[in-house]
Amino acid sequence: GLDYRRLSVSHHDEKVRIGRAASKLISEGQNVILGGGATVVEVARNLVDRRIQVITNSIPVAQIFWDSNKVEVTMTGGYMHPRLGIQLGPICERTLSEVSADVLVMGVRGITESGLSNNSGLVVGSIRKMVEVARKVIVVADHSKFGQNAMLQVADLDIIDAVVSDTELAPEYQQLIRERNIDLLLA
């Protein structure tokens with residue numbers, strides 16, 4: 001199955017570079033929603049010294065800030081997905097509907113020209129709610145996520161403001177992103 005520990009090992013170097021690059025798009029004082037997934041955890045590692053407010057449904061992300069006295073963390077609550085370490089479902093979505101954020105940083109299972117996709121219906125609900133309450137959406141995804149079509153459509157590409165990927169991203173996907181007027185950052 002889909003396991004956080006396994007996911008966090010694949011393309012690790014790319015994820016580290018993406019995390020560093022994406023963190024530079026976040027400013028002091030911002031409200032930031034951090035979604036689930038290993039790449040977002042790498043973004044979080046680079047934010048521990050930033051004075052920001054974080055809202056997250058990810059237990060691995062929250063743990064990154066355990067010792068930080070600068071980052072204020074709010075967890076969404078909700079049903080905990082056993083292997084992914086993320087909180088989902090109605091409680092999570094209700095919490096998200098009561099906040100607003102400057103930025104959402106989210107990972108994806110798959111990204112194609114038809115949009116972002118995921119494997120779990122529960123995950124889709126929480127991601128859609130995050131997108132709804134954030135003013136800016138940054139997708140962090142290593143090159144292996146492009147061209148993958150997971151089972152469920154989450155959102156169209158037009159919800160995305162910026163994509164941070166790695167330098168191995170195929171030219172046709174670089175072109176696709178730029179054609180949609182989405183900022184593309186390759187780490």
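**Exercise 1. What covers the buried residues of helix 7?**

Ground rules come before the solution. This is a predicted model, in which local features need pLDDT of at least 70 and side-chain atom pairs count only at pLDDT 80 or more, while totals for chains, interfaces and linings use all residues. Residues are numbered from 1 along each chain as its sequence is written, and side-chain values use heavy atoms, with hydrogens and water left out.

Solution.
- Step 1: fix the elements. Helices (H or I, at least four residues) and strands (E, at least two) are DSSP runs, numbered from the N terminus. Helix 7 spans residues 171–179.
- Step 2: fix burial. Buried means under 20% relative accessible area, exposed over 50%, and partly exposed in between (1.4 Å probe, protein chains only). In helix 7, Gln 174, Leu 176 and Ile 177 are buried.
- Step 3: look down the axis. The buried residues of helix 7 fall within an arc of 160°, so they line one face of the helix. The arc is that of the directions from the helix axis to the C-beta atoms.
- Step 4: check the other side. There, Pro 171 and Glu 179 are exposed.
- Step 5: name the cover. It includes strand 7, strand 11 (162–165) and strand 12 (183–186).
- Step 6: step past the helix end. Asn 181 follows helix 7 and has a positive phi, near 60°.

**Exercise 2. Give the strand order of the open sheet of 3 strands, then place helix 6 on that sheet.**

Solution.
- Step 1: apply the pairing rule. Two strands pair if DSSP finds at least two bridges between them.
- Step 2: read the order. It is 7-8-10, with antiparallel pairing.
- Step 3: find the edges. Strand 7 (110–112) and strand 10 (152–155) each pair on one side only.
- Step 4: take the twist. Neighbouring strands of this sheet are turned by 40° against each other on average, direction ignored.
- Step 5: add the helix. Helix 6 (residues 121–133) packs on the sheet and touches strand 8 and strand 10. The direction of helix 6 makes about 10° with that of strand 10. Axes are lines fitted to C-alpha atoms, for helices over the stretch in contact, and angles run from 0 to 180 degrees between N-to-C directions.
- Step 6: inspect one pairing. Strand 8 (residues 115–118) and strand 10 run antiparallel and are joined by 3 bridges. Asn 118 stands opposite Leu 152 in strand 10.

**Exercise 3. Describe the surroundings of Ala 162.**

Solution.
- Step 1: locate the residue. Ala 162 sits in strand 11.
- Step 2: class the burial. Ala 162 has a relative accessible area of 5% and is buried.
- Step 3: list contacts, meaning heavy atoms within 4.5 Å. Leaving aside neighbours within four places in sequence, Ala 162 is in contact with Val 137, Ile 138, Val 139, Ile 182 and Asp 183.
- Step 4: take one partner. Val 137 is 25 residues away along the chain, yet its C-alpha atom is separated from that of Ala 162 by 6.6 Å.

**Exercise 4. How many salt bridges are there, and which parts does the pair Lys 15 and Asp 142 tie together?**

Solution.
- Step 1: apply the rule. A salt bridge is a side-chain nitrogen of Lys or Arg within 4 Å of a carboxyl oxygen of Asp or Glu. The count comes to 5.
- Step 2: take Lys 15 and Asp 142. Their closest N and O atoms are 3.6 Å apart. Lys 15 lies in helix 2 (residues 12–23) and Asp 142 in the loop between strand 9 (134–140) and strand 10, so the pair ties together parts 127 residues apart in sequence. Both residues are buried.
- Step 3: take Arg 45 and Glu 42. Their closest N and O atoms are 3.2 Å apart. The two are 3 residues apart in helix 3 (residues 38–45), about one helical turn. Arg 45 is partly exposed at 46%, whereas Glu 42 is buried at 8%.
- Step 4: take Glu 132 and Lys 129. Their salt bridge spans 3.3 Å, N to O. Both lie in helix 6, 3 residues apart. Glu 132 is exposed at 58%, whereas Lys 129 counts as buried at 18%.
- Step 5: link the partners. Lys 15, Asp 142 and Lys 145 join into one network through shared partners.

**Exercise 5. Which element gives the most residues to the largest nonpolar core?**

Solution.
- Step 1: define the core. A nonpolar core is a set of buried Ala, Val, Leu, Ile, Met, Phe, Trp, Tyr and Cys residues joined through side-chain atoms within 4.5 Å.
- Step 2: size the core. The largest has 34 residues, and Ile 33, Leu 104 and Ile 160 are among those with the most contacts inside it.
- Step 3: rank the elements. Helix 6 gives the most, with 6 residues.
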